[in-house]
Number of protein chains: 6
Amino acid sequence: MEKLEYFEDYEVGAQRTTTGRTITETDIVFHAGHSGDFFPHHMDAEFAKGTPFGQRIAHGTMTFTIGIGLTATQINPVAFTYGYERLRFPKPVFANDTIRTRVTIKNKALEPKRPGFGKVVEACEVINQRGETVMYCEHVLLVQCRTAEAVA
Amino acid sequence: MEKLEYFEDYEVGAQRTTTGRTITETDIVFHAGHSGDFFPHHMDAEFAKGTPFGQRIAHGTMTFTIGIGLTATQINPVAFTYGYERLRFPKPVFANDTIRTRVTIKNKALEPKRPGFGKVVEACEVINQRGETVMYCEHVLLVQCRTAEAVA
Amino acid sequence: MEKLEYFEDYEVGAQRTTTGRTITETDIVFHAGHSGDFFPHHMDAEFAKGTPFGQRIAHGTMTFTIGIGLTATQINPVAFTYGYERLRFPKPVFANDTIRTRVTIKNKALEPKRPGFGKVVEACEVINQRGETVMYCEHVLLVQCRTAEAVA
Amino acid sequence: MEKLEYFEDYEVGAQRTTTGRTITETDIVFHAGHSGDFFPHHMDAEFAKGTPFGQRIAHGTMTFTIGIGLTATQINPVAFTYGYERLRFPKPVFANDTIRTRVTIKNKALEPKRPGFGKVVEACEVINQRGETVMYCEHVLLVQCRTAEAVA
Amino acid sequence: MEKLEYFEDYEVGAQRTTTGRTITETDIVFHAGHSGDFFPHHMDAEFAKGTPFGQRIAHGTMTFTIGIGLTATQINPVAFTYGYERLRFPKPVFANDTIRTRVTIKNKALEPKRPGFGKVVEACEVINQRGETVMYCEHVLLVQCRTAEAVA
Amino acid sequence: MEKLEYFEDYEVGAQRTTTGRTITETDIVFHAGHSGDFFPHHMDAEFAKGTPFGQRIAHGTMTFTIGIGLTATQINPVAFTYGYERLRFPKPVFANDTIRTRVTIKNKALEPKRPGFGKVVEACEVINQRGETVMYCEHVLLVQCRTAEAVA
């Protein structure tokens with residue numbers, strides 16, 4: 001559950017892929033009720049027949065929630081979320097699609113404003129069962145340096 | 001519900017604020033089950049006592065989901081989400097906080113790659129009952145131009 | 001579970017009271033997500049402070065749903081819901097209130113338009129832990145006559 | 001979100017129709033758990049095969065909850081629910097049906113018992129994708145008069 | 001709802017069968033979020049294709065929860081759960097299966113350690129629409145003796 | 001996520017403890033709706049005041065579901081649940097209690113009926129923030145032997 005990784009431990013290019021999860025109609029209905037977004041693109045099958053996709057699509061906020069949620073299997077007590085960049089949804093997610101998230105360490109750099117910390121950028125790609133990328137974002141972490149700890 | 005707004009109709013600086021919504025312990029429990037993220041920061045009150053916040057905090061993905069969901073009251077049939085930038089969580093959200101989202105048209109520009117369309121950037125600030133900004137992001141929209149429609 | 005009662009078996013004045021159920025903040029959040037009604041009277045604790053009630057109130061549709069749901073313990077295979085009349089909400093329901101439903105057979109009459117059936121009116125009063133009636137309605141049932149069965 | 005309409009502003013015959021929402025198996029399961037009504041008509045597919053409908057049907061309380069919920073898009077701060085009359089379910093709702101609600105101002109009259117207020121009756125018809133009315137009720141509102149405000 | 005039954009009233013061999021309930025994909029998704037168990041056997045349709053069952057299966061804890069929940073229709077105020085023995089899941093439960101629970105009084109004996117009480121063992125079999133037993137367990141109850149009450 | 005452990009790898013006496021999870025009123029309301037068990041011990045705060053506990057208690061099936069769910073962090077592809085024994089609830093669980101599960105390998109033995117497999121018994125103790133055991137059970141696993149694999 002818990003795995004300690006200092007800034008120095010992150011290797012650019014390292015990659016892991018999560019287990020998969022099938023997105024269901026249930027998830028879409030849940031997410032509408034959770035977010036309050038009942039737009040017909042997500043909730044009205046009749047309306048959706050007339051869209052380019054021909055069927056209801058998942059909310060972008062849900063793909064983000066579940067896509068990032070899939071990565072939440074290990075807690076690193078010295079890493080904190082700084083933010084997310086470049087969140088994109090290149091393809092829609094439909095009920096019955098199965099997604100997994102591939103996390104790649106994209107780059108890292110010491111953070112001059114926060115001595116003893118560095119920024120690590122994880123590229124998160126959510127991929128469906130057809131190999132299509134349905135979401136992309138960059139998760140920026142602030143991670144403590146091992147040396148910082150020694151000094152403190 | 002539906003309100004047609006072309007690229008030309010968006011005014012930089014225009015602002016709207018949503019209704020408020022109180023974040024509850026229910027939302028946090030629900031979000032854990034929806035996302036699969038049961039990290040103790042969100043789910044373990046005993047653990048949370050030992051953190052700087054002293055209590056459980058909302059998931060960032062939930063603040064994003066509900067913060068953006070609050071804006072989903074009007075459908076503009078000629079606008080599409082291109083993506084989100086600069087998603088940040090400057091302060092934590094706790095159960096019993098009440099949030100609302102302030103949307104400001106930050107800038108707009110024609111999109112050379114997609115003739116007949118422009119990009120509109122909405123700055124979304126999620127603000128709690130103490131006036132603190134708990135989330136910030138920029139929602140980038142692709143919006144059809146009125147003139148494009150005339151031509152097509 | 002199943003209890004056969006013909007039109008002739010219903011006695012005007014007969015009364016039963018259900019078990020109790022505490023309405024929780026969870027129920028209110030659920031109901032908003034289920035119904036799509038996120039009005040601030042139900043969802044915004046800050047807004048609610050400025051109302052006469054001083055706090056969030058349950059949706060009327062929820063009091064109806066749970067109040068009637070409490071009565072759903074016995075199935076009468078020869079009775080069908082015809083409709084509901086005079087649905088009223090004389091007092092608000094708050095989170096942490098405990099409600100139960102008192103059902104009284106108010107009147108009954110043969111139904112000339114449906115030979116072999118009668119109409120039975122159940123007065124349903126939802127009562128809170130202070131003895132206040134928070135909901136009232138009349139549930140109209142179409143119930144088969146025993147004699148009808150003999151004839152058919 | 002908020003739209004101020006005084007008693008004088010309501011026009012008999014005025015009509016609006018909500019966006020649509022597809023009722024899902026998820027909604028039915030959710031409603032059973034919310035209401036506590038697990039009757040086999042809603043929850044037991046094997047039992048339902050032997051009924052005239054041949055499949056599970058939505059709870060009446062759910063059709064009411066969602067049908068009325070669909071109308072909750074605009075808040076009129078001078079209107080209050082007085083109650084509901086003549087609630088009927090002429091046809092069943094099945095999973096995968098898409099419903100919308102048509103609201104018609106049926107009649108209005110000053111309320112002698114509450115000077116400065118009038119009663120407005122909205123006929124609410126819930127209609128499925130085949131154009132069938134699956135629910136009907138009359139929503140009775142108490143609405144403040146504009147003149148009353150001037151006087152107060 | 002409430003039915004008083006003393007130790008002396010339980011008859012070995014007596015049997016009752018609950019109403020049925022169709023297990024849905026919704027229940028499985030809900031249970032994952034409730035339990036925190038997102039193992040791919042329950043949540044990943046692509047993974048499940050490669051298992052002997054060829055599809056996602058219900059969590060054992062869910063079959064137990066719903067199977068026992070189906071029996072919760074009558075409250076006996078003088079009986080208490082002592083525990084459960086021999087919980088087994090001989091066959092998987094899939095979405096769309098309909099289950100019911102058959103409860104048989106298996107044996108009973110006075111409880112020397114708790115004068116005035118006896119142990120009653122209920123064999124609980126959860127059976128699907130094909131007549132297959134998908135769960136078995138023995139529910140051990142501590143039940144007050146009628147004579148004990150007289151003495152106390 | 002996945003960790004391969006053969007029968008030979010299990011060490012009697014080995015112990016692990018899960019992360020903690022705070023049980024909330026939300027979980028209890030969820031569980032009632034999921035299981036269909038709305039007994040007043042779980043759902044009626046007024047009734048509960050008159051019980052020895054003075055407040056609502058969690059369902060045993062929920063403590064089992066969440067207690068076992070907490071252990072579901074690693075998948076062992078060569079281990080299968082055989083069943084559970086001796087499930088007990090020595091103390092009640094209340095809303096706001098925080099539980100974790102301690103898993104101890106209690107014993108193991110080759111399974112003569114299934115050559116190439118052994119039975120491993122995990123004692124699962126669910127412990128609250130006061131150090132009290134609120135649930136105990138023995139999880140019996142069928143685990144493949146390494147040597148069996150070599151032979152097959």
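Begin at the boundary of chain D and chain C in this predicted model: across this interface, the rule finds two salt bridges.

To view one of the salt bridges, select E85(D) and R88(C), whose side chains meet with an N to O distance of 2.4 Å. Next, extend the selection on chain D to α1 (25-35), α2 (40-43), α4 (60-69) and β3 (79-88); these are the elements that contribute two or more residues each to the side touching chain C. Colouring that side by class shows 14 nonpolar, 11 polar and six charged residues.

Now display polar contacts between the two chains. Counting residue pairs in which both members have pLDDT 80 or more, there are 11 in polar contact between chain D and chain C.

Turn then to the strands. Select β3 (residues 79-88) of chain C together with β3(D): the two strands run antiparallel and are joined by two bridges. Which residue of β3(D) is the bridge partner of Y84(C)? Selecting L87(D) displays that partner.

Finally, select the whole interface. On chain D, 31 residues are in contact with 31 residues of chain C. The size of an interface is often expressed as the accessible area lost when the parts come together. Here, chain D and chain C bury about 2700 Å² between them, and 63% of this area lies on carbon and sulfur atoms. To close, highlight H34(D), F39(D) and R88(D), which supply 24% of the area that chain D buries against chain C, more than any other three residues.

How values were computed:
Residues are numbered from 1 along each chain as its sequence is written. Chains are lettered from A and ligands numbered from 1 in the order in which they are written. This is a predicted model: local features need pLDDT of at least 70, side-chain atom pairs count only at pLDDT 80 or more; totals for chains, interfaces and linings use all residues. Side-chain values use heavy atoms; hydrogens and water are left out. Contact means heavy atoms within 4.5 Å. Buried area is the accessible area (1.4 Å probe) that two parts lose on being put together, summed over both. A salt bridge is a side-chain nitrogen of Lys or Arg within 4 Å of a carboxyl oxygen of Asp or Glu. A polar contact is a pair of N or O atoms within 3.5 Å; within protein, one must be able to donate a hydrogen and the other to accept it, and residues adjacent in sequence count only if both atoms are side-chain atoms. Helices (H or I, at least four residues) and strands (E, at least two) are DSSP runs, numbered from the N terminus. Ala, Val, Leu, Ile, Met, Phe, Trp, Tyr, Cys and Pro count as nonpolar, Asp, Glu, Lys and Arg as charged, and the others, Gly among them, as polar. Two strands pair if DSSP finds at least two bridges between them.
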